[in-house]
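Let's take a walk through this one together. Have the picture and the sequence handy, and follow along one stop at a time.

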Amino acid sequence: MVGVDGCLPALTVQVYQAWLLFLYTSFALQENVLLVNGRDIRPWWIYHHYLAMLMALVSLTWEIKG
């Protein structure tokens, strides 16, 4: 699956980043629902997932040269 230059194909990387964006978005939504329903979720944990969503979005939209 690795190309001649030792890099993964761009589509594979984009699919992985899209999966990470979906995963962290679903985690953040689930934790917000749990927090509203009275569960003791620490705020830094929710902020962590928002930051991970932002990083996945940036890396998904970053131009891939290769």
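Start with His 49: if you set aside the residues within four places of it in sequence, His 49 is in contact with Tyr 24, Phe 27, Ala 28 and Glu 31. Keep in mind that this is a predicted model.

So where does His 49 sit? It belongs to helix H2, which covers residues 43-61. Is His 49 buried or exposed? Its relative accessible area is just 3%. The cut-off for buried is under 20%, so His 49 counts as buried.

Now hop over to two of the residues that His 49 touches, Tyr 24 and Phe 27. Both are in helix H1, 3 residues apart, and that's about one turn of the helix. Their rings make a pair, with centres 6.3 Å apart and planes at 70°. Planes over 60 degrees apart count as edge-to-face, so that's the label this pair gets. How much of each residue is open to the outside? Tyr 24 has a relative accessible area of 21%, which makes it partly exposed. Phe 27 is partly exposed too, at 30%.

How many aromatic pairs turn up when the whole structure is searched? The count is 3. Another of them joins Trp 19 and Phe 22, whose ring centres are 5.6 Å apart, with the planes at 35°. That angle is neither under 30 degrees nor over 60, so the pair is called tilted. Trp 19 and Phe 22 are also in helix H1, which runs over residues 10-36, and because they are 3 residues apart there, about one helical turn separates them. As for exposure, Trp 19 is partly exposed at 46%, while Phe 22 reaches 51% and counts as exposed. The line for exposed is over 50%, so Phe 22 makes it across.

Let's go back to helix H2 and look at its surface. Leu 54 is found in this helix, and at 48% relative accessibility it counts as partly exposed. Leu 54 is part of a nonpolar patch on the surface, along with Leu 51, Met 55, Val 58 and Trp 62. Together, these residues have about 540 Å² of accessible area.

One last stop, this time from a database record. In an unreviewed UniProt entry, residues 44-62 are annotated as "transmembrane region". What does the model show over that stretch? The chain there is 95% helix and 0% strand, and the C-alpha atoms at its ends are 26 Å apart.

Conventions:
Residues are numbered from 1 along each chain as its sequence is written. This is a predicted model: local features need pLDDT of at least 70, side-chain atom pairs count only at pLDDT 80 or more; totals for chains, interfaces and linings use all residues. Side-chain values use heavy atoms; hydrogens and water are left out. Helices (H or I, at least four residues) and strands (E, at least two) are DSSP runs, numbered from the N terminus. Buried means under 20% relative accessible area, exposed over 50%, partly exposed in between (1.4 Å probe, protein chains only). Contact means heavy atoms within 4.5 Å. UniProt positions are given in the numbering used here, feature names are shortened, and annotations may be inferred rather than shown by experiment. Rings of Phe, Tyr and Trp (its six-membered ring) pair if their centres lie within 6.5 Å; planes under 30 degrees apart count as stacked, over 60 as edge-to-face and the rest as tilted. Patches are made of residues with over 30% relative accessible area and no salt bridge: like charges are joined within 9 Å, nonpolar side chains (Val, Leu, Ile, Met, Phe, Trp, Tyr) within 5 Å. Accessible areas come from the Shrake-Rupley method with a 1.4 Å probe; for residues, only the protein chains shown count as cover. A salt bridge is a side-chain nitrogen of Lys or Arg within 4 Å of a carboxyl oxygen of Asp or Glu.
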